Protein chains: 2
Amino acid sequence: MEYSQFIDAAYRMADASGELIRADGQKSFHVEKKGDGSPVTSVDQATEDRIREIITAAYPNHGIIGEEHDDVAPDSEFVWVLDPIDGTLPFLAGIPVFGTLIALLHNNTPVLGVIDMPMTGDRWIGCAGMPTVRNGDPVRTRACASLSDAMMSTSNPDFYDATNVSALEQMQERVNWTVYGGSCMAYAQLASGRIDVGMDVQFDVYDYMALVPVIQGAGGVITDWKGNALDLQSGDRFVAAGDQRVHEQALEILSVTAV
Amino acid sequence: MEYSQFIDAAYRMADASGELIRADGQKSFHVEKKGDGSPVTSVDQATEDRIREIITAAYPNHGIIGEEHDDVAPDSEFVWVLDPIDGTLPFLAGIPVFGTLIALLHNNTPVLGVIDMPMTGDRWIGCAGMPTVRNGDPVRTRACASLSDAMMSTSNPDFYDATNVSALEQMQERVNWTVYGGSCMAYAQLASGRIDVGMDVQFDVYDYMALVPVIQGAGGVITDWKGNALDLQSGDRFVAAGDQRVHEQALEILSVTAV
């Protein structure tokens, strides 16, 4: 299967999303707290609506799973997984690490991923069988032999609870640096060789599916905390690394905590 | 004293700094750990060198305090306080929240501040007697009557130690949202009415002097944890708020912890 045939449509989705986010990002907008306490804005919803329109017009037989609306045919051969604004809290605060995540799964395997950063104009695209590109240029993860040399990223320390905060603390003790709050930008920069290991908890499928082809196509590894490949049945914890050796060292710590 | 006479030179410093950072930001560069364990790169040093050249040429009688080199005449009537890259860790990781901070103090009072964000092209300038501007347009903090409605920002939770972590926890319990890792961008966005309260610890004068005129000129308040104005003798903790009421509520919590 030639998955590159879907790249053009994914570009159009990201273009439309970025336009809406940039247009509304400086204005005041309506904010609500969702059931889980996380924020959602009218911009999230309008952006996901627009992406869904593009999918439905181009691929009426594909399924859609998005953060802001109900699933459409989630058992289809092809399923798009969408987060219109990953990093809604930074978006509300005007911190330019939020982005649009678009993934395409074929038979429950992520084969295409877009990380689009509307405030910096950067776009990463990963597609099975092709090298990951940032703004058209191929990117690669960097070599890192040991966690002790690693730059680690995690989004929000408050997401960690009693079941996994010790895993975070153990990782922090082992790595060289820890950077917080990078949101999806951090995983894009892992693909570009600026960050060595990234981990998060309390993430849903639309928060991480797009990261998989981007990181794999740049030479990196991304799995759950037991080392399993990520699919629609995965749990809420994952770990990504640019170098297989660091991924293995991280799993030694995280797999003990994995549920 | 008409402090706006210094704005043109401050612009030239920020222009030069942004050019150097953008040119080198995508390349690999030399990184060292400083004595306090924080990172410093060859880009920090080259950028501060360039800003110091501009100051020395334009104002040979002014003092200079910068993060990367020794103080020059720090008891002068006018002193420039520089952080070439505030947020070196995000800079290393490619997270676009780092920026250049340039402050001018007159008789130990900050009267001019620049927050320049080289990756998004945003520049905030505050100058005593004038409204703060972002890219030339005036900005204002937003009204927020209560901490319970507030969006809070703090840079790095690891900076908090046994003497002040309880203050962070109490603040987190009171506010509506907490966003991490925003670096100087968070204080700029506080001036623009996107964030209501910001606090940090283990910051030095070059990390916060530029924030003072930017926040005050937008209608906000910034002091140490006891409510004192910030000058070159201030300690390493400060708190900023867009609304005086939130600042007072924060001080009730923080002043107990203040040393």
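Colleague: What makes you say that the copies meet through the same surface?

Modeller: In this predicted model, 100% of the interface residues of chain A are also interface residues in chain B, so the two copies meet through the same surface.

Colleague: Why is the relation between chain A and chain B called that of a two-fold axis?

Modeller: Chain A is superposed on chain B by a rotation of 180 degrees with 0.0 Å of shift along its axis, and the RMSD is 0.0 Å; that is the relation of a two-fold axis. In chain A, the C-alpha nearest this axis belongs to A:Gly181, which lies 2.4 Å from it.

Colleague: Within chain A, how do you know that domain 1 (3-138) and domain 2 (147-257) are in contact?

Modeller: Contact requires heavy atoms within 4.5 Å, and 35 residues from domain 1 of chain A and 24 residues from domain 2 of chain A take part in it. The area buried between these two domains is about 2100 Å², with carbon and sulfur atoms giving 68% of that area.

Colleague: What does the rule find across that interface in salt bridges, and how many residue pairs are in polar contact?

Modeller: A salt bridge needs a side-chain nitrogen of Lys or Arg within 4 Å of a carboxyl oxygen of Asp or Glu, and across the interface of domain 1 and domain 2 of chain A the rule finds 0 of them, whereas it finds 10 residue pairs in polar contact. Strand 6 (109-117) of chain A is among the elements on the side of domain 1 that touches domain 2, and strand 6 gives the most to that side, with 7 residues.

Conventions
Residues are numbered from 1 along each chain as its sequence is written. Chains are lettered from A and ligands numbered from 1 in the order in which they are written. This is a predicted model: local features need pLDDT of at least 70, side-chain atom pairs count only at pLDDT 80 or more; totals for chains, interfaces and linings use all residues. Side-chain values use heavy atoms; hydrogens and water are left out. Buried area is the accessible area (1.4 Å probe) that two parts lose on being put together, summed over both. A polar contact is a pair of N or O atoms within 3.5 Å; within protein, one must be able to donate a hydrogen and the other to accept it, and residues adjacent in sequence count only if both atoms are side-chain atoms. Helices (H or I, at least four residues) and strands (E, at least two) are DSSP runs, numbered from the N terminus. Copies are superposed by least squares on the C-alpha atoms of residues with pLDDT of at least 70 in both.
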